[in-house]
Amino acid sequence: MQIRRPHRRPSRSSQPSQPSEAEVGEAEVSRGRRSRGGRRTGGTLLAVAALLVSACSSGSSTTATSPAADVALAPLPQSTPSTLTSYYGQKLGWHTCGVPGFECATMKAPLDYAKPAAGDIRLAVARKKATGKGKPLGSLMVNPGGPGGSAVGYLQQYAGIGYPAEVRARYDMVAMDPRGVARSEPVECLGGRAMDTFTQTDTTPDDQRETTQLVGEYKKFAEGCGAHSPDVLRHVSTIEAARDMDMLRAVLGDKKLTYVGASYGTFLGATYAGLFPDRVGRVVLDGAMDPSLPARRMNLDQTAGFETAFQSFAKDCVRQTDCPLGGKGTRPAKVGTNLKAFFRKLDAHPIPTGDADGRKLGEALATTGVIAAMYDEAAWPQLREALTSAMKEKDGAGLLVLSDSYYERDADGRYSNLMFANAAVNCLDLPAAFSTPDQVEKALPAFEKASPVFGEGLAWASLNCAYWPVKATGESHRIEAKGAAPIVVVGTTRDPATPYRWAQSLAHQLSSARLLTYVGDGHTAYGRGSACIDSAIDRYLLRGTAPGEGKRCS
């Protein structure tokens with residue numbers, strides 16, 4: 001599958017065992033509304049390729065060039081089923097929760113919407129009440145992506161304090177960790193040591209032994225999830241999470257949903273619009289995913305997106321005095337060749353990192369570190385420094401830091417639930433991109449053409465859902481949301497994780513969409529330094545005025 005990475009703001013935030021929404025995701029990012037050159041890298045980026053997030057269609061029957069799905073997501077009945085009345089009418093018990101100015105609560109939802117009486121799932125909710133004067137506009141729900149990103153963490157560390165003051169003054173800022181994520185009955189799979197082994201496994205196998213080892217790690221990961229979270233694992237789909245969002249909307253007393261979703265959060269928001277078009281208020285989908293694509297096509301597109309981002313990095317790198325991959329005048333293709341050669345050296349001879357647990361920097365961790373920096377051009381100086389240390393001084397500490405931030409591994413060797421939830425949601429939403437190693441082998445030329453640097457690793461990372469213990473319940477589909485109020489879809493032209501064409505496609509599918517384009521680098525656009533983008537979205541959230549057709553910003 002492909003990664004949808006969580007939308008975060010650094011301290012600095014999808015997937016690979018090496019890095020695969022999209023798009024994504026999560027110990028959340030505390031990113032402030034800083035200029036594009038003033039952020040550092042540190043949370044999770046998209047999800048890792050090994051845990052790639054992807055929206056897939058049947059892996060065994062589709063090819064990398066499969067067309068988009070023709071079937072459209074059908075809306076649910078407008079009336080609330082009697083079996084859900086008590087859930088929609090529940091009262092939340094708000095209480096302080098350790099972060100000044102924020103309140104927390106727990107909302108109950110049916111674990112299985114098809115059998116509400118079978119049991120509940122408890123979902124963590126947080127809010128920060130509107131802080132200013134003026135007519136209140138209700139609740140503004142946010143989601144940072146992933147899947148697997150903690151919306152509660154994102155709210156407390158960024159959105160609730162970093163969104164524009166005028167937006168926070170008029171809206172109660174609200175977030176809910178989706179089912180299976182962070183504080184909402186999190187999916188668990190592997191302990192720290194086992195995850196260390198998983199993240200260091202070579203995803204560019206050179207022979208049958210290494211292929212068997214990689215497959216073994218995917219199976220071990222899947223078996224761990226099945227053993228530790230057998231019930232929740234069957235009910236973490238995006239459609240179920242979107243239904244939870246509607247329940248929260250009603251419980252908060254809002255007639256319409258106002259929402260800002262980033263990366264995978266756009267898929268979640270678009271799904272909500274498709275299911276409940278009559279309840280769509282002001283909805284922003286930033287770093288959009290395309291729900292109509294089969295898995296292989298999505299992963300291939302994302303692979304090309306990372307190559308586009310790397311080309312931008314390469315062009316910038318050779319203009320700097322500290323670029324270890326080439327000097328002034330070096331072509332981007334040569335920069336890529338030099339990086340691949342470095343990866344091959346690490347594959348044969350990992351280098352020290354000074355890690356307390358004895359981890360060395362091999363090809364897998366190094367690739368993840370590089371991919372992590374592709375999400376945000378503000379991380380490029382950090383990447384150049386890390387590569388210089390690794391290539392010239394044989395010190396892999398810098399790239400390990402980037403890789404650990406991507407996986408959300410802390411200094412004590414503990415991993416957040418991000419990667420577990422990421423795989424759980426993706427593998428349930430759509431069938432695996434590939435079913436066997438032989439299918440990956442046949443697809444390698446297409447992936448390596450899409451990205452000479454990352455293609456091989458991302459192709460093999462797309463095999464992870466093949467061994468999932470729960471059968472996928474979804475398929476790729478179009479989302480039209482006929483009758484919905486205007487929805488703003490935001491796309492960045494050189495976004496590595498959610499390629500611009502996805503935003504174009506989603507905007508074309510949604511009956512009421514307005515496409516807002518950021519011409520630039522990085523993953524997502526709102527709150528990342530473009531006054532043009534920010535003012536257009538703020539105007540929409542505060543006044544309901546959607547951007548004009550074809551609006552572009554730089």
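Here are some notes on the packing in this predicted model.

1. Overall make-up. The protein chain is built from 17 helices and 10 strands. Of its 554 residues, 65% are buried. The chain exposes about 19,100 Å², and carbon and sulfur atoms supply 50% of that area.

2. The main core. The largest nonpolar core holds 94 residues. If you want places to start looking, the residues with the most contacts inside this core are Met107, Phe221, Leu285, Trp468, Ile487, Val489 and Leu510. Helix α13 (residues 418–429) gives the most to this core, contributing 8 residues. There is also a second, separate core of 38 residues, and Cys323, Leu346, Leu400 and Val453 are among its members.

3. Leu285 up close. What does Leu285 touch, once residues up to four places away in sequence are set aside? Its contacts include Tyr259, Gly261, Gly265, Thr266, Gly269 and Ala270. Leu285 also touches the run Ile487, Val488, Val489 and Val490, along with Leu506 and Leu510. Three of these names should look familiar: Ile487, Val489 and Leu510 are on the list of residues with the most contacts inside the largest core.

4. Strand β7. Is this strand largely enclosed or not? Strand β7 covers residues 280–286, and 6 of its 7 residues are buried, so the rest of the structure largely encloses it. Strand β6 (residues 257–262) pairs with β7 in the parallel sense, over 5 bridges. One spot to check on screen is Tyr259, whose bridge partner in β7 is Val283.

5. Aromatic pairs. Searching the whole structure turns up 17 aromatic pairs. One of them is Phe313 with Trp380, an edge-to-face pair at 5.8 Å centre to centre with 75 degrees between the planes. Phe313 belongs to helix α8 (residues 295–317) and Trp380 to helix α11 (residues 380–393), so this pair ties together parts that are 67 residues apart in sequence. Both partners fall under the 20% cut-off for buried: Phe313 has 0% relative accessibility, and Trp380 has a relative accessible area of 8%.

6. An aromatic cluster and a charge over a ring. Phe198, Tyr218, Phe221, Phe420 and Trp468 make up one aromatic cluster. Phe221 and Trp468 also appear among the residues with the most contacts inside the largest core. Elsewhere in the model, which ring does the charged end of Arg127 sit over? That ring belongs to Trp94, and the charged end lies 4.0 Å from the ring centre.

Definitions and conventions: Residues numbered from 1 in each chain as written. Predicted model: local features only at pLDDT ≥ 70, side-chain atom pairs only at ≥ 80, totals over all residues. Heavy atoms only, no water. Core = buried A, V, L, I, M, F, W, Y, C linked by side-chain atoms within 4.5 Å. Buried < 20%, exposed > 50% of the residue type's maximum accessible area, 1.4 Å probe, protein only. Helix = DSSP H or I, 4+ residues; strand = E, 2+ residues; numbered from the N terminus. Contact = heavy atoms within 4.5 Å. Phe/Tyr/Trp six-rings, centres within 6.5 Å; stacked < 30°, edge-to-face > 60°. Lys NZ or Arg CZ within 6 Å of the ring centre and 35° of its normal. Areas by Shrake-Rupley, 256 points an atom, 1.4 Å probe, with all protein chains shown as cover. Pairing = 2+ DSSP bridges.
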